[in-house]
Amino acid sequence: MDIGKRLQDLRKAHGLSQRELAARAGLTNGTVSLIEQNKTSPSVASLKSLLDAIPMSIAEFFATIEEAEPTKYFYTVDEFTEIAPQSGQTAVSLRQLGNASSHTLQILDETYPPDADTGPELLTHAGEEAGIVTEGEIEVTVGDQVRVLRAGEGYLFDSRLPHRFRNTGKTPCRIISACTPPTF
């Protein structure tokens, strides 16, 4: 998917200039321009801020038109949708199961390489989220609480609380998570 072109098309469809969208999202005009030109990949938090300003969920942003297809219940590994458009050694991978915009629950297979995080801005959104670390370890910040979780441990919190995920370990971290309602 061409992230920059998709964002630019949405911005124009909503009658917003780059400056207007940047101001609503709390980002610089230059950042929006670089993202639209695919010269930089937005962090998960930055993309969420941009889409909140439109408004649209990350799930809707990456959704493909599936209405014409029969109801689907099972997915192979290659049918998950990557909804974290970053690249590089510290890129977070958020692979979504199915089309979350058609459901009230969103399931993600998350991978955080060493030193990867969801971005410098803390995330907030309506709903709840939960996850279980299946490999490695992850530092999770929720409000004023910070904890490092290891394989077999998990989290459950109100997503309206500011939160962030960061791999401070030396090996990749993998999490299976759920969010309701779908936000990303």
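**Entry 1: S4 and its partners**

I began with the pairing of S4 and S7 in this predicted model. The two strands pair in the antiparallel sense, over five bridges. I looked up one position along the pairing and found Ile132 opposite Gly154 in S7.

Next I turned to the pairing of S4 with S9. Strand S4 covers residues 128-135 and strand S9 covers residues 173-180; they run antiparallel and are joined by seven bridges. I noted two of the partners: Glu128 is bridged to Thr180 in S9, and Ala130 has Ala178 as its bridge partner in S9.

**Entry 2: the whole sheet**

I then wanted the strand order. The sheet is open, with six strands in the order S1-S2-S3-S9-S4-S7 and antiparallel pairing. Which strands stand at the edges? I find S1 (81-82) and S7 (154-158) there; each has a single partner strand, so one side of each lacks a neighbour in the sheet.

**Entry 3: Ser177**

I stayed with S9 and picked Ser177, which belongs to this strand. Is Ser177 buried or exposed? Its relative accessible area is 6%, and because the cut-off for buried is under 20%, Ser177 counts as buried. Its side chain makes a polar contact of 2.4 Å with the side chain of Glu110.

I also listed what Ser177 touches, leaving out residues up to four places away in sequence: Gln106, Ile107, Leu108, Glu110, Ala130, Gly131 and Tyr155. Glu110 is thus on the contact list as well as in the polar contact. Ala130, also on that list, is the residue I had already noted as bridged to Ala178.

**Entry 4: Phe165 and Asn167**

My next stop was strand S8 (residues 163-166), where Phe165 lies. Phe165 is buried, at 3% relative accessible area. I checked its distance to Thr141: the two are 24 residues apart in sequence, yet their C-alpha atoms are 6.5 Å apart in space. Beyond four places in sequence, the contacts of Phe165 include Tyr112, Ala116, Glu129, Ile138, Val140, Tyr155 and Phe157. Tyr155 caught my eye, as it is touched by Ser177 and by Phe165.

A little further along I looked at Asn167, in the loop between S8 and S9. Where a loop residue sits is worth a check, so I asked: is Asn167 buried or exposed? Its relative accessibility is 1%, and Asn167 counts as buried. Setting aside neighbours within four places in sequence, Asn167 is in contact with Tyr112, Pro113, Pro114, Asp115, Ala116, Glu137, Ile138, Pro172 and Cys173. Of these, I had already met Tyr112, Ala116 and Ile138 among the contacts of Phe165.

**Entry 5: helix H1**

I finished with helix H1 (residues 3-13), asking which of its residues are buried. They are Ile3, Gly4, Leu7, Leu10 and Arg11. These residues cover an arc of only 135° around the axis, so they lie on the same side of H1. Lys12 and Ala13, on the other side of H1, are exposed.

What do the buried residues of H1 pack against? I found four helices: H2 (18-25), H3 (29-36), H4 (44-52) and H5 (58-62). As a last note, Gly15 follows H1 and has a positive phi, near 65°.

How values were computed
Residues are numbered from 1 along each chain as its sequence is written. This is a predicted model: local features need pLDDT of at least 70, side-chain atom pairs count only at pLDDT 80 or more; totals for chains, interfaces and linings use all residues. Side-chain values use heavy atoms; hydrogens and water are left out. Two strands pair if DSSP finds at least two bridges between them. Buried means under 20% relative accessible area, exposed over 50%, partly exposed in between (1.4 Å probe, protein chains only). A polar contact is a pair of N or O atoms within 3.5 Å; within protein, one must be able to donate a hydrogen and the other to accept it, and residues adjacent in sequence count only if both atoms are side-chain atoms. Contact means heavy atoms within 4.5 Å. The arc is that of the directions from the helix axis to the C-beta atoms.
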